[in-house]
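Me: Got a minute? I'd like to walk through a protein structure with you.

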Amino acid sequence: MDLSTSHKRVWVGIDAGKGHHWAVGIDADGETLFSTKVINDEAQILTLISTARERADEVRWAVDISGRASTLLVALLVAHGQQVVYVPGRTVNRMTGAYRGEGKTDAKDARVIADQARMRRDFAPLGTTPELVSTLQLLTNHRADLIADRVRLINRLRDLLVGICPALERAFDYSAAKGPVVMLTEYQTPAVLRRIGVKRLTTWLERRKVRGADTVAAKAVEAAQAQQVALPGEKRAAKLVCDLAHQLLALDERIKDNDREIREAFRSDDRAEIIESMPGMGPVLGAEFVAIVGDLSGYRDAGRLASHAGLAPVARDSGRRTGNYHRPKRYNRRLRHIFYMAAQTAMMRPGPSRDYYLKKRAEGLLHTQALLSLARRRVDVLWAMLRDGRLFTSAPPVTQAA
């Protein structure tokens, strides 16, 4: 093919990766113009942009990853005034079967991405992420990793405690109380707990500023007295429990520091006061919301936002069967979790959210169904608050003005 041939419009599909990308350019007839591997490096990406722009009057780009792997690529494309759209990986995976051949390669995926961008006009455009949104994305994702590490440590700690003293493992909720974890940094076995006794253990915990030290000490010694036998491997397990307890306490401090950073970054946004005024939406959930939706420019109305959160039912009509709605399958799980948790928190306190929840329960809905219905209603409320730039109030705006 003559590389000097110029086309009116070219579509370039890029199968993005961490180390390298694969780019395929096609013309208006779907014919391949070039297929090349591009290292994830500024110089090579700029060379690709220059090559594509030489081949056509207008170049339209499409990528299948909108995360960190494509950050440099998208930033350079936007900086050079190029149009970029996001083709979801699910779409690429499903449409690959419509093309000839069963093999899967980066070149074929890039070809599919380019062809889908050529035929469809409904893909979301990509741009450079604002600094605040990018910061919140990093902080909230890091928080999710820290929470996952915390769950893993607690599960390992409880598993080891069962092999030392099952009664001691059952005595406390180590995920919610700090005092028992502090105790495990020094005292892990029934024999040691019986030896120190309630009074001395209480004094030891009080020196470390543990709340309810007397209650923790009494429950721990009571559990220790219920088991007189020493189990095999107890000494080694006790050392591991001690190490895990120290790690858990250190991890809790890291989570606190991360939450403080999230709170400070989130409250630097002009919308933070509006979002936090809504019952149930604290700084962490609010930061996650902003990290996902950005400035809301990608949502035409509240219905689109509810659909992205999986809170809008999807029609499943066929033939004479109409009015048949089902739960959606493609939605942002994290965004749905944000609205669900906020609704659950708001429902527990007197106010319009609780009144609406009780109304739905009275109509025969289950707890989860009533919460999802409340979450859907709160999407409309939050959308209107952000659109009008006003704080939450339990009274309707018209009534309040009157």
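Reply: Sure, let's take the sheet, then a helix, then the cysteines. Keep in mind that this is a predicted model.

Me: OK, the sheet. How many strands form it, and in what order?
Reply: Six strands form an open sheet. The order is β3-β2-β1-β4-β5-β6, and the pairing is mixed.

Me: Which strands stand at the edges?
Reply: β3 and β6 do. Each has a single partner strand, so one side of each is left without a neighbour in the sheet.

Me: And β2, is that mostly covered or not?
Reply: Mostly covered. Strand β2 runs over residues 20-26, and five of its seven residues are buried.

Me: How does β1 pair with β2, parallel or antiparallel?
Reply: Antiparallel, over five bridges. Strand β1 covers residues 7-15. A hairpin of four residues links β1 to β2.

Me: Which residue in β2 stands opposite V12?
Reply: G25.

Me: What about β2 and β3, how many bridges there?
Reply: Seven, and the sense is antiparallel. Strand β3 spans residues 32-39. In one facing pair, I26 stands opposite T32 of β3.

Me: What joins β2 and β3?
Reply: They form a hairpin with five residues between them. One residue in that turn, G30, has a positive phi of about 85°.

Me: Jump to the other end of the sheet. What links β5 to β6?
Reply: Two bridges, with the strands running antiparallel. Strand β5 is residues 83-86. V85 has P125 in β6 as its bridge partner.

Me: Which strands does helix α4 lie across?
Reply: β1, β2, β3, β4 and β5. Helix α4 is residues 106-119 and runs at about 50° to β2.

Me: Any record on this part of the chain? Which residues does the domain annotation cover?
Reply: Residues 12-166. An unreviewed UniProt entry labels them "domain: Transposase IS110-like N-terminal". In the model, that span is 50% helix and 21% strand. Its end C-alpha atoms lie 61 Å apart.

Me: New topic: helix α16. How many residues does it have?
Reply: Helix α16 has 22 residues, numbered 367-388. From first C-alpha to last it reaches 32 Å, close to the 32 Å expected at 1.5 Å a residue. Just past the end of α16, G389 takes a positive phi of about 65°.

Me: What do the buried residues of α16 pack against?
Reply: Helices α11, α12, α13, α14 and α15. The buried residues of α16 include A370, L374, R378 and W383.

Me: Take S373, in that helix. Why does S373 count as buried?
Reply: Its relative accessibility is 18%, and buried means under 20%.

Me: Which residues does S373 touch?
Reply: Y356, K360 and L365, leaving out residues up to four places away in sequence.

Me: Last topic, the cysteines. How many disulfides does a search of the whole structure find?
Reply: Zero. Take C165: the closest cysteine sulfur is in C242, 17 Å away, and that is too far for a bond.

Me: So where does that leave C242?
Reply: In no disulfide. The nearest cysteine sulfur to that of C242 belongs to C165, at 17 Å.

Me: Is C165 buried or exposed?
Reply: Buried, with a relative accessible area of 0%.

Methods. Residues numbered from 1 in each chain as written. Predicted model: local features only at pLDDT ≥ 70, side-chain atom pairs only at ≥ 80, totals over all residues. Heavy atoms only, no water. Buried < 20%, exposed > 50% of the residue type's maximum accessible area, 1.4 Å probe, protein only. Pairing = 2+ DSSP bridges. Contact = heavy atoms within 4.5 Å. Axes fitted to C-alpha atoms, helices over the stretch in contact; angles between N-to-C directions. Expected span 1.5 Å × (residues − 1). UniProt positions renumbered as here; feature names shortened; annotations may be inferred. Disulfide = S-S within 2.5 Å.
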